[in-house]
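Trainee: Could you pick a single strand in this model and take me through it closely? Give me the overall picture first, please.

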Amino acid sequence: MKITDIRPTTVTVPLEAPLRHANGCHWGRFVRTIIEVETDEGLIGLGEMGGGGESAEAAFRAMKKYLVGHDPTRLEELRFLIANPTASLYNNRTQILAALEFACLDILGQKWGVPISEILGGRLRDRVPFASYLFFRYPHPETGAGEVRTAEQLVAHAKELKERYGFTSHKLKGGVFPPEYELECYRALASALNGDRFRFDPNGVWSTETAIWFGLQIEDIRNDYLEDPVFGMAGMRRVREKVLMPLATNTVVVNFEQLAANVLDTAVDVILLDTTFWGGIRPCVKAAGVCDTFQLGVAVHSSGELGIQLATMLHLGAVIPNLSFAADAHYHHLADDIIAGGKFQYENGFIAVPKGPGLGVKLDYDKLSGYQELHKRLGPYPYDQDPLRPGWTPTIPNDRWADPRDGRRPTNVLL
Ligand SMILES: [Mg+2]
């Protein structure tokens with residue numbers, strides 16, 4: 001079998017409301033690049049990457065001179081072909097490799113008539129648990145709905161998500177407001193949903209001392225872990241000396257070199273595996289094996305996904321024995337998806353692993369072209385900018401917090 005074509009399509013899919021985070025904001029929509037890899041046997045494999053536009057599409061088209069004629073089932077060779085370690089110093093293609101690996105695995109699964117999870121060792125579970133992934137949110141620019149800024153709004157939002165989707169683990173994305181204010185919100189959440197589990201993630205923007213202080217304030221809560229309280233393994237190591245709960249990261253252990261460093265001098269207890277950041281599903285399975293050997297915890301990270309990437313997360317979650325915690329997904333914040341049959345459904349906090357061959361998802365081409373048009377109309381948005389704080393940039397450690405009394409609605413966010 002040979003690859004005959006690679007087609008990238010940039011899409012923009014609306015979110016329920018703009019999601020605020022420590023380094024900026026998702027401005028009411030996700031921009032993703034959808035990849036179709038076609039073969040001479042008529043099979044089409046699907047991939048997905050964050051971001052998009054002309055440069056991302058050009059980067060994928062440039063891979064055609066490497067991959068047209070290549071056998072898509074030679075996955076290990078694919079890695080060296082487009083992302084060998086020395087060449088990567090000049091052209092980091094990890095995320096491009098990931099999207100192409102998804103597509104090639106999808107092709108292999110279709111060829112063999114089995115889901116990807118069966119290729120990766122066979123599923124240990126038919127459904128993967130997810131956490132609620134709560135964000136502080138701006139109101140929807142048109143309807144004014146969906147704001148999460150106060151503790152009351154946060155608790156109401158979490159209760160609504162629990163009611164609708166069945167979550168029993170709740171992640172709060174912080175690093176937006178002063179740490180004292182976010183502590184109040186986190187404690188209100190834990191108190192309102194007593195009996196559930198919780199995790200907090202300020203995306204590495206605190207000082208080490210703030211991280212230790214915050215960690216000590218939440219030791220009575222049933223924490224899964226404290227995620228990336230500071231940026232850097234030395235800081236994580238210092239926090240870990242002082243607080244009792246596990247520390248997790250999706251930031252400072254995102255490749256095998258860093259994983260080796262963390263094994264030799266442990267700074268982080270739980271490694272959050274991202275199928276994009278690690279360069280594919282298979283590297284995540286390998287990394288989970290290393291974590292298994294050294295008794296580190298593992299969970300599945302979300303870098304903002306549509307249904308194709310969510311399928312990669314589900315197949316990963318299905319096959320790793322040491323999935324110690326519920327996975328994260330931004331997915332429930334999306335208003336729609338580009339896969340056939342509509343969005344994946346949560347049931348009692350779980351999503352079923354697709355049973356069809358390969359990834360088990362197909363494109364809805366009407367939606368693909370509709371959201372391609374939306375991208376053409378709206379263009380990109382800056383992930384590292386806040387629509388209501390022009391010129392603001394957070395330092396690390398940060399002290400330029402947003403004001404929790406500021407209830408403005410962004411009107412410069414096009415939807
Ligand atoms: Mg994180």
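Mentor: Overall, the protein has 13 helices and 14 strands, counted as DSSP runs from the N terminus (H or I over at least four residues for a helix, E over at least two for a strand). Its radius of gyration, 21 Å, is close to the 22 Å that the globule rule gives for 415 residues, so the protein is as compact as a globular protein of that length. That radius is taken over C-alpha atoms, and the rule is 2.2 Å times the number of residues to the power 0.38. Keep in mind that this is a predicted model: local features need pLDDT of at least 70, side-chain atom pairs count only at pLDDT 80 or more, while totals for chains, interfaces and linings use all residues. Residue numbers start from 1 along each chain as its sequence is written.

The C-alpha trace spans about 60 × 50 × 40 Å along its principal axes, and 51% of the 415 residues are buried. Buried here requires 20 or more other C-beta atoms within 10 Å of the residue's own (12 or fewer is exposed, in between is partly exposed), with C-beta atoms placed from the backbone.

Now for the strand: let's take β12, residues 270–273. Val-270 and Leu-272 point one way, Ile-271 and Leu-273 point the other way, and all are buried. To one neighbour, β11 (residues 247–249), β12 pairs in the parallel sense over two bridges; DSSP has to find at least two bridges before strands count as paired. Here Val-270 is the bridge partner of Ala-248. Four bridges join β12 to β13 (residues 297–300), again running parallel, and Ile-271 stands opposite Val-298 there.

Helices link these strands. β11, α10 (residues 256–264) and β12 form a right-handed β-α-β unit; β12, α11 (residues 281–293) and β13 form a right-handed one too. Right-handed means that, with the strands pointing away from you, the path from the first strand over the helix to the second runs clockwise.

Stepping back out, there's a domain 1 (3–113 + 366–378) and a domain 2 (118–359), with bounds from an automatic or database domain assignment. Their centres, taken over C-alpha atoms, are 23 Å apart. Across the boundary, 40 residues of domain 1 contact 36 of domain 2, a contact being C-beta atoms, placed from the backbone, within 7 Å. On the side of domain 1 that touches domain 2, α4 gives the largest share, twelve residues.

Technical notes: Contact = placed C-beta atoms within 7 Å.
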